[in-house]
Structure formats: C-alpha cells, structure tokens
Amino acid sequence: MKVLVLGSGGREHALAWKLAQAERVSQVFVAPGNGGTARDPLLTNVPLTDVRALADFAIEQKVSLTVVGPEGLLAAGVVDEFRARGLRIFGPTKAAAQLESSKAFAKDFMKRHGIPTAAYEVFSDVAAAHAYIDAQGAPIVIKADGLAAGKGVVVAMTIAEAHEAIDWILADNGSGVVHNEGGARVVIEQFLAGEEASFIVLCDGKHVVPLATSQDHKRLLDHDEGPNTGGMGAYSPAPVVTPNVHAKVMHEIILPTIAGMARDGVPFTGFLYAGLMIDAQGEPRTVEFNTRMGDPETQPIMMRLKSDLLELLLHATDGTLDGVELQWDRRVALGVVMAAGGYPQQPRSGDAISGLPADSEAAMVFHAGTTEVDGQLLTAGGRVLCVTALGESVRKAQQLAYDSLVNIQFEGKQYRHDIGHRAVKR
C-alpha cells in the first residue's frame, strides 16, 4: 500500500517513520515534508500543500490511506475534499475540526454537553474584554479564537499581562491568528491550577482507542518560565495520569465528547487530543481540544508504539476500532525540542545544522523546521528538531536524549535542560 502523510513538522516525520515500518506499506509520501523526511530513504517528499492538488496526487498515485498532521489543512476541509473523491483519509471533517479551530465553539460545546472545563466568556469588543479582566483579576487565561499554531494562548499572571494580551490578540492581531468568520474574538477563561497532561485517542465516529499518555512542556525556559510555545519537549507515559484519572478522563471527557459530536450531527473521526489540567485531588478538566496528534507528544508516543500503525488507521477509517488493542514498549520515551534563535516571537531561519547523531533503536532525531538545500541541512522554522530517546526510567530516557543532542550545532539554538522534571521528582 502507498500512504500519504500531510504536513511538514516533527509530528509528521514521526508518523511517516512509524508508517514506513508497517508490513503492508510499500511507499510513504510526505507532503510537503522537511529536511529529515527528505533524507530518509523510506520516505518521499512531495512539494504540495493545496487541498485539491493533494487529492489529485492521491488519485494519480493510487494512495491507499492519507493521514492528516496539521490543524490548518483540517480547518481548510481536506478530509471533506478527499472523501468527496472516494479517497480513504484519517482526520475530522471541517465541521468537526471546529473543536480546535474555534475555541469559542469548543467551550460552548463543552458547556452544552456537561464536559468539565474552566469557566469562560467570549469577547470581540476590546473595551468589554478589558473591563471583564478588571472585574475578574489575575491569574487569568486569554485565548485567540482561531488557528494560532499553538501560540495563541497567554496565561497572564498579572492584570497588566492580561490587558497586553487582549491588545495583542484583539486590537493588533500580533498573534498571527487565522480568525474565524465574524472577525477577531478572544475566549477569556478562569485560571486552572494543577498539572497538565496530554490525552490523545483515535476515534472512528463511534469507538475510541486511547493512545499512551504523555506530558508536554509549553514554556520556553527551564522551570516552566518564559513565554508559551508550541511545545519544548514531551515524554510518555505521564505518571500524573493514574489509572483512576485515566478512567475519569475517558468517562467524563472523551466518551461524552464523541457522543456529543455524534448527537450534534457532526460525528468525529481522527485523532482527538484533550489537553488536561489535573488538580491536586486528581480531578481532570479540559483546557483545550486539538483535532490531530500533538507535537511534540507524537514523537515519544510513536517511539513507544509497538503495534502496526497502518493496521490501526485502517481500522479507524473502517469504523472497526472496537476490536483493537494496542501494544506498547514498557520503556519511557522522552523528546527534547531544539528551537531556533528568536523562537517563539521571531525565529531565525537559514542556519546550517551539523553534528546530528546516527539514529538508533533507542534514540531518534525527528525533524520539524528543517530543509535541505544542495545537500546542506538548514533551519527553516521555530522548532527545528526533537531528539527523542527510550529508557528504562524517565531519568535514563532523559539522559540518553540529552547525550544525543550534545553535538548538534546551529546558530542561536535553544532548548530546555529539564524536560521530564515532574516525572523525575515522583
């Protein structure tokens, strides 16, 4: 079978790498791919990003399955286009992808279906948003209502930060958000205390199979300081998701979401990512939904997945996930993101990358913001690489990941030195 993976980040590199291991896969295309997928002899980059051109390519190449990586293509209706042409594709429709593409849609959905989340209000008027913040106080969370590549959220610890965020998103559109119809809006939420975790499941419209749990590190700097990013590293499994918490998430958040979407006439197929905040009593609440795999969570999760990813996705597109059980490597996987200088505000690009280690069974370098020009690997995005390793414990996986990146060089590189710190403390 030929398989097509849509996207160009670390998530897509990891998905393509795992699909290439499947017994029945003869070729894996990545559109458009990156410098890492270009260098992998088992993967073939395809320089396409347009929805119709991608569908044309899938027909021309007799692609058996397409897997969607990034949120932008989902919001653009790539699944609707492929299905209309009789092509097998894994991901949610444009309507179902609103769970991610519109924060307001997601919050209203959760309120309507009784899914635990933070209290909130939605604003399009700048003055009204400022007045609400003055009334509520800080800490408080401001989210852009639209696609923001993981960077449209400000956790404001002071009133001044909150006001600045309102102006940045609503008045100036400095966040670069792709606003939904009706113009710029913000969702202002109560601040939730606790520990975050990523809970990702596969859905076929009715049935759900949970993937291994993981935890992302959103802040740029060590000790969870600095601005929010798309993610500076992740590890799997996440000890904070105990068996009791896992059961609560499935019964109070995931299953009601899938049932609610079906009841609303928008059945959900694809990866559903629930970003959780778990409080000191072990009660989970939903911070956000994403309608695709997380990045960088995908990299550790794919390192641990022992099951055949192609067979899993074929079940998911056939509506037969109820018969699936997944096999996992019992080891911990941990990935450290190496980001470009200036990330997240103004990342540099075009810098030469050197010192990449050879990939092994226990350590992989997944590429994100890279490109290959005349045989030279260059930076081409904010998050450049995710160095991911397996180990018998969090500390051992952490040690191998950091040992593996020590010789990697590019101008202005930045990375955290404490990925996995919460799990190491447990």
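Here are some short exercises on this structure, each with a worked solution.

This is a predicted model, in which local features need pLDDT of at least 70, side-chain atom pairs count only at pLDDT 80 or more, and totals for chains, interfaces and linings use all residues. Residues are numbered from 1 along each chain as its sequence is written, and side-chain values use heavy atoms, with hydrogens and water left out.

Helices (H or I, at least four residues) and strands (E, at least two) are DSSP runs, numbered from the N terminus.

**Exercise 1.** Work out how helices H8 and H9 are oriented to each other.

*Step 1.* Find helix H8 at residues 126-136 and helix H9 at residues 159-171; their axes come within 10 Å and cross at roughly 160°. Axes are lines fitted to C-alpha atoms, for helices over the stretch in contact, and angles run from 0 to 180 degrees between N-to-C directions.

*Step 2.* Angles under 35 degrees count as roughly parallel, over 145 as roughly antiparallel, 65 to 115 as roughly perpendicular and the rest as oblique. H8 and H9 are therefore roughly antiparallel to each other.

*Step 3.* Now look at who touches whom, where contact means heavy atoms within 4.5 Å. H8 brings Val-126, Ala-129, His-130, Ile-133 and Asp-134, while H9 brings Ile-159, Ala-162, His-163, Ile-166, Asp-167, Leu-170 and Ala-171.

*Step 4.* Sorted by class, this contact has 8 nonpolar, 2 polar and 2 charged residues. Here Ala, Val, Leu, Ile, Met, Phe, Trp, Tyr, Cys and Pro count as nonpolar, Asp, Glu, Lys and Arg as charged, and the others, Gly among them, as polar.

**Exercise 2.** Describe helix H12, from its start to the residue that follows, and its meeting with H1.

*Step 1.* At the start of H12, a side-chain oxygen of Asp-308 lies within 2.9 Å of the backbone nitrogen of Leu-310.

*Step 2.* Along the helix (residues 309-318), the buried residues include Leu-309, Leu-312 and Ala-316. Buried means under 20% relative accessible area, exposed over 50%, and partly exposed in between (1.4 Å probe, protein chains only).

*Step 3.* After H12 comes Gly-319, with a positive phi near 80°.

*Step 4.* The axes of H1 (residues 10-19) and H12 come within 8 Å and cross at roughly 105°, so the two helices are roughly perpendicular to each other.

*Step 5.* At this crossing, Leu-15, Lys-18 and Leu-19 of H1 meet Leu-309, Leu-310 and Leu-313 of H12. By class, that gives 5 nonpolar, no polar and 1 charged residues.

**Exercise 3.** Locate the cis peptide bonds before Pro-139 and Pro-296.

*Step 1.* The bond from Ala-138 to Pro-139 is cis, with omega near 0°. Pro-139 sits in the loop between H8 and strand E7 (140-144).

*Step 2.* Asp-295 and Pro-296 are joined by a cis bond with omega of about 25°. Pro-296 belongs to the loop between strand E19 (284-290) and helix H11 (298-304).

*Step 3.* Pro-296 is also one of the residues in contact with Ala-234, leaving aside neighbours within four places in sequence. Ala-234 lies in strand E17 (residues 233-236) and is buried, with a relative accessible area of 0%.

**Exercise 4.** Are His-223 and Asp-224 buried, exposed or partly exposed?

*Step 1.* His-223 is in the loop between strand E15 (219-221) and strand E16 (225-228), and Asp-224 is in the loop between E15 and E16.

*Step 2.* His-223 counts as exposed, at 62% relative accessibility. Asp-224 is partly exposed, with a relative accessible area of 24%.

*Step 3.* Check the backbone too: phi is positive, near 65°, for His-223 and about 55° for Asp-224, although the latter is not a glycine.

Technical notes: A polar contact is a pair of N or O atoms within 3.5 Å; within protein, one must be able to donate a hydrogen and the other to accept it, and residues adjacent in sequence count only if both atoms are side-chain atoms.
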